[in-house]
Every structure is written in structure tokens, then in C-alpha cells.
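Me: Could you take a close look at one part of this model for me, the place where the two chains meet? I would also like to see how the surrounding pieces of the first chain are arranged.

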Amino acid sequence: MTGDQNLHNESIIVSAQALCKRYGKQWALNDLNLSIPRGSSVALVGSNGAGKTTFLKCIAGLVHATSGSISVLGRTPDLDEPKHTAQVSYLDQRHPLYGFLRVNDTLKLGAELNPNWNVSESERGLEVFQLQPRKKVKDLSGGQHAQLALVLALNKSSQVLLLDEPMASLDPLARTLSRQLIDTARAHTSLLIVSSHIVSELEEMCDYLVLMARGRVALAGRFTQLLDSWRSGSLRLEGSPVELGSSPRGTFGLEELINNVLLLERTSTTLHLDGRTRL
Amino acid sequence: MIWLVYRQYRSAAIWTAVLSIALIVGLYSMSIDARNVASVLRIHGCAAYNSSPFCDALAGRFIAHASWSTGVLINVLYIVPGLLGVIFGVSLVARDFEAGTIGLVWLQTLTRRHWLWTKVAVSGFVVLVVASILDVVANLWGNSIYIRFVSPSPLTSRVFDSSGVVIVGYCILALGIGTLLGTVLRRSGVGVAVGLVFFAILRLALEKGVRPVIEAQRFVAESVLPPFTPQNGILVREGFLPLHQLIPRSGQGFSITSVCQSPVQAPSGTIDPKFTSCLSQHGLHFVVQYIPNSSYWTAQFIELGLCVSLCVLAVAASRFILARIDV
């Protein structure tokens, strides 16, 4: 193995090889292959049930693969390995928190259980969202709940930051504030993966797109490269060109690209999507 | 982590403490009632396990007057440790699954092993404190009366189960069963219901299957029939008799009444002399199998050890399952 190869392998933060996950008879992930290099900010998109959450949970170690393999920072995700749990932070889309704790107790929990906890940033997070420290978590609104969960996830100071629908229940101002906090946290991480349906926000936070369909990667690459390929008509899925659709020329943005790919995937029952799996 | 578990169980512990205090007050008032009855009947002069006709008669009157309070006392001690252990055990794991916080806590920098054993230790401590207080208080105030005047021996199952250190053992066992079922079912309500059934079955298996093996038994030959007791057992001088058998010279078992007339009790409480002389004429004697009272504490500690071992196994099984669960 050459030095260059070593350098290259070390630069891969997440690597999934033929990753499959089955729940009963349903395949949530089906032969997923993807390698994500250090320093990436990845937008994970796809229709409902495409396997986005399962993939994020596989990276976090919360879900075990049925077959195939996945490695995070060179190790198989293991919740019994503090080296893994210290380096991976995951925001669940349901924002689970302990309702019996107060807001400040929730941050105390983060500080108690995480050696690299960022005290100043977590306090700033409360100030930014104007969350009352003495308020019980169970008395927070849905949006405030999401904000507190985000603060808890962002300030663990881990290398891998996984955010599943971080802004789904936030008002426009809270979304802007959340983006600012995520930007700050991103500076200290090696990898950010955000799963969301709000494409405009993903464009602002991320550089790469991973589009999932039927449990595998349909399309992967830099936003700019994918858009250029699409606009030039060279973007193909299993030999079929991704049409430009009816959008007026000049408004061919990421959202239109994603919609067109998803439409193409939906109209074909046998289509095998063969997007690039290396970012 | 201890802080988190403390916060998670704080309200449950407070409620448990309040209910325990209410229970202790109730037990105390019932024990006063039982003691008053014992005092009025003046049965304190009867030594423990004294089977004289006078004391038997007083015990009968005591039962008639104080059976309700002593019965409640015994049943509380029989039921509460298991109930407490199962409820706390099931909620240990199931609560985090139901609230969806399992993924949150598992992705902090602590292992699942650490998480589980810390929870078991902290909640086990709360449950043990409550069970121990109940045990001590009830034994001091009421159970001793019951044992002395109502039950023929501390080795009878109901008294054995609700006295000594096995109460603590059952509590630990119930905690282990609850933890395992909370892990498997991940639902508190169903977990508690199934856990109680499991606990009852396991306890019955211990009582009927294991306890007779661990209680050292002795055999003596008696030339006369020992007196019967109201508990369908037979008292011997220093223990409780679960089984007796009439053995002739041939070694074959047969019915007493086929050889001698039924052992009619004389008014004094002794066996009819005609019956005993009939037995001696035929060269008959009883082989008496009994459990000596001295084996009480040995059996108690062996059963405690079994309960603790089963609890450790159950928690280890939970740990094994948790390591394979998808969240």
C-alpha cells in the first residue's frame, strides 16, 4: 500500500459497503455503497421510506446491518465503545429528551456524560433560542423541544455530526438561528450529514448531495457538479437521462433536480439507480 | 449517570416511600391488634412451637380473633417485595424505550453495560431499602406473633417466605425478572403483568422444587404416632414434619386402619393407649422425616444466594439482548 493510498483511506470518515438492513420483510437499506471523505457536509435527501434515517442510525451504531459493512472513522460503529460514542453525535428526528429534567439539567446531562462538552457554546445555544433554563422539558413547545435537542447534539464536540430533520418543526427565525449554530459546530467536526426535505436550507449548509431511493444511493456528488451535469443533459440514471422538466430555463435548481430524479425513480418499478457512490 | 438515574426515579422513589410509610403504619396498627388479642388470651406463656393441648387451644382462639390482621401482614410481606421488584425492574429499560430516550442516552459517552448496571444498582438499592425496612418492621411487630402462636414452624412455606432474608432475595429476583422482561417486551404495562406471572411461577418452583432439596432433612424412628397439628403437618420435638410414613417389618407400606383401629385421641390429647399397644403388638414404628428448625437460616441464605444468582443471570441476559437491539 502506498503512502498516497494510506492518506486516502484515512480521509474517508464513513464507508458503507453493500450495506443492507431488513425490518421483517421490508428492506430499508438494500446494497448501499457510499464513501464520505473528511471535511464533507452532506445533504441526505430522498422520498419518505427511502432509508435515510436507517442509514444515519447505522452510522450512529443504533441499528445493526443485516449484511454488508459500515465503518465510521475506521471502526465498526459500536455503542459499547466509548471511542465511537464520543465521536458521533446524532439528532433523532423525534427529538427525544427527558421530560422530567429542566432545560439546564439537560445540558448538565450532556456535560456529565461527554468529556468534550462545549460549555460556552451550549449556553450560547440557550441564549440564541431564548430557552428558559429552569423550565421543565415536558413544558416546552414542539419547536423548543427541537431547539434544545439540537443544542444537545451540537455541543458534544464530536467528529461526526448526524442531524435527522433538524428543522422540521422550527419557525423561520429558529431555522435561521439553527443554521448559524450548525455552521459554528461544523467548524469543529470532520463530517456533517443532514437529512431533510427542506432543500433550500440544505443548499446553504452542505456541499454534497446524497440522494437515496429504495434503500440505496441513487445519486451522489457535489451540488455544483450534479447541477452542471444535469443542465448539460449528461446526468443519467441506469442509462435514462434525468429530464430538465418543465421548469423555466435559469431556475433549474437543486430542488428541481431532486424532484426529477425522484419522479424518474417512482415511475419505474425496475429501475436500478446507479449514481456515483464516491463523493 | 447515577445523577440521571436518580432524577429518573426520584418521583417513583418518593411515591414508594410514601406508600411504604402508609403500609408500615397499617402493619403497626394491625400488629397492635394482634398483640392485644395475644395479651387478652394470655398465650405469651406458651413457648414457641409448644404443642400442648392448652397452647393449641389458645392458638386456635388467637387465630379466630386475629387471623385477619396476621393474614394481611403475612400476605403483604409475601406480595410486596415481588411487586416492587418487578415494577422497578420493568421500568428500568422499558421506560427509555417508550420515551424514545434510549438512543439519546446510548450515544453519550458511556457504554450500554455501564448504563444498565448503574440503573440496576441504583433502582435495586431503592427497592432493597424499602424491602428491608418492611421486612424488619413486620418481623419485629407482627410476624413473630404469627410464627409463635399460629404457625407450627418457621419452615412452613408462608412463614419462611415472609421472614428472614429471603424477602430481600425475592426483591432482587423480581428486579432481575422485571429488567429482562422490560428489555424483551419494551412496554411497562405488559412487562409488569407478565413479570408478575413469571415471578410467581419462579417462586413456586423455588418453593416446591428447590427448597425441599436445600433444607437438610432428618429421619427418626418413632414408636408412637406423633401428634397432628392444625397445619396438616406433624410436630416433632425440634422441627417440622412434612411427611410421615408407616413402615412394617416387611418394609412395605400399608394402611394403619387395616391393622389397628383409627387413632382416636383421648380427651387429654394423648393417643388412645389401645392404638399404641396395637402398634407395638405388630412391631410397627413410624419413620419420621422432618426438617430441623436449625436449618432455617442455612436454607434462608441458600435461597437468597439463588435469587441473587438468578437476578445476575437475568440482567446479563438483558445486556446480551440490548447489545443486539436496533433502536
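Reply: Happy to help; here is the interface, followed by the sheets and loops around it.

This is a predicted model, in which local features need pLDDT of at least 70 and side-chain atom pairs count only at pLDDT 80 or more, while totals for chains, interfaces and linings use all residues. Residues are numbered from 1 along each chain as its sequence is written, chains are lettered from A and ligands numbered from 1 in the order in which they are written, and side-chain values use heavy atoms, with hydrogens and water left out.

Let us begin with the extent of the interface. Contact (heavy atoms within 4.5 Å) links 28 residues of chain A with 26 residues of chain B. Chain A and chain B bury about 2600 Å² between them, 58% of it on carbon and sulfur atoms; buried area here is the accessible area, taken with a 1.4 Å probe, that two parts lose on being put together, summed over both. On the side of chain A, the residues that lose the most area to chain B are Asp80(A), Tyr98(A) and Leu113(A), together 27% of what that side buries.

Now for the charged and polar pairs. A salt bridge requires a side-chain nitrogen of Lys or Arg within 4 Å of a carboxyl oxygen of Asp or Glu. By that rule the whole structure has 15 salt bridges over all chains, and five are found across the interface of chain A and chain B. Arg112(B) takes part in one with Asp80(A), where the closest N and O atoms are 3.2 Å apart. Arg112(B) also meets Asp78(A) in a salt bridge, at 3.8 Å from N to O. That pair crosses between chains, running from the loop between β4 (67–72) and α3 of chain A, where Asp78(A) sits, to helix α4 (residues 112–149) of chain B, which holds Arg112(B). Helices (H or I, at least four residues) and strands (E, at least two) are DSSP runs, numbered from the N terminus.

Polar contacts join 13 residue pairs between chain A and chain B, both residues being at pLDDT 80 or more. Such a contact is a pair of N or O atoms within 3.5 Å; within protein, one must be able to donate a hydrogen and the other to accept it, and residues adjacent in sequence count only if both atoms are side-chain atoms. Two or more residues of the side of chain A that touches chain B come from each of β1 (12–23), α2 (52–60), α3 (82–85), β5 and α4 (103–113) of chain A. The largest share, four residues, belongs to α4(A). By class, the residues of that side are 18 nonpolar, three polar and seven charged; Ala, Val, Leu, Ile, Met, Phe, Trp, Tyr, Cys and Pro count as nonpolar, Asp, Glu, Lys and Arg as charged, and the others, Gly among them, as polar.

Next come the strands. β1(A) belongs to an open sheet of three strands with the order β2-β1-β4 (chain A) and antiparallel pairing. Two strands pair if DSSP finds at least two bridges between them. β2 and β4 of chain A stand at the edges, each with a single partner strand, so one side of each is left without a neighbour in the sheet. β1(A) and β2(A) (residues 26–37) pair over eight bridges, and Tyr23(A) has Gln26(A) as its bridge partner in β2(A). Two residues lie between the strands of this hairpin, where Gly24(A) takes a positive phi near 65°. In the loop between β4 and α3 of chain A we find Leu73(A), which has a positive phi of about 55° although it is not a glycine.

β5(A), another contributor to the interface, is part of an open sheet of six strands with mixed pairing, in the order β5-β6-β7-β3-β8-β9 (chain A). β5 (88–91) and β9 (216–222) of chain A stand at the edges with a single partner strand each, so one side of each has no neighbour in the sheet. β8(A) (residues 208–213) and β9(A) pair in the antiparallel sense over six bridges, with Tyr208(A) opposite Arg222(A).

Finally, Asn118(A) lies in the loop between α4 and α5 (119–129) of chain A. Its side chain makes a polar contact with the side chain of Ser120(A) at 3.1 Å. Leaving aside residues up to four places away in sequence, Asn118(A) touches Asn155(A) and Ser157(A).
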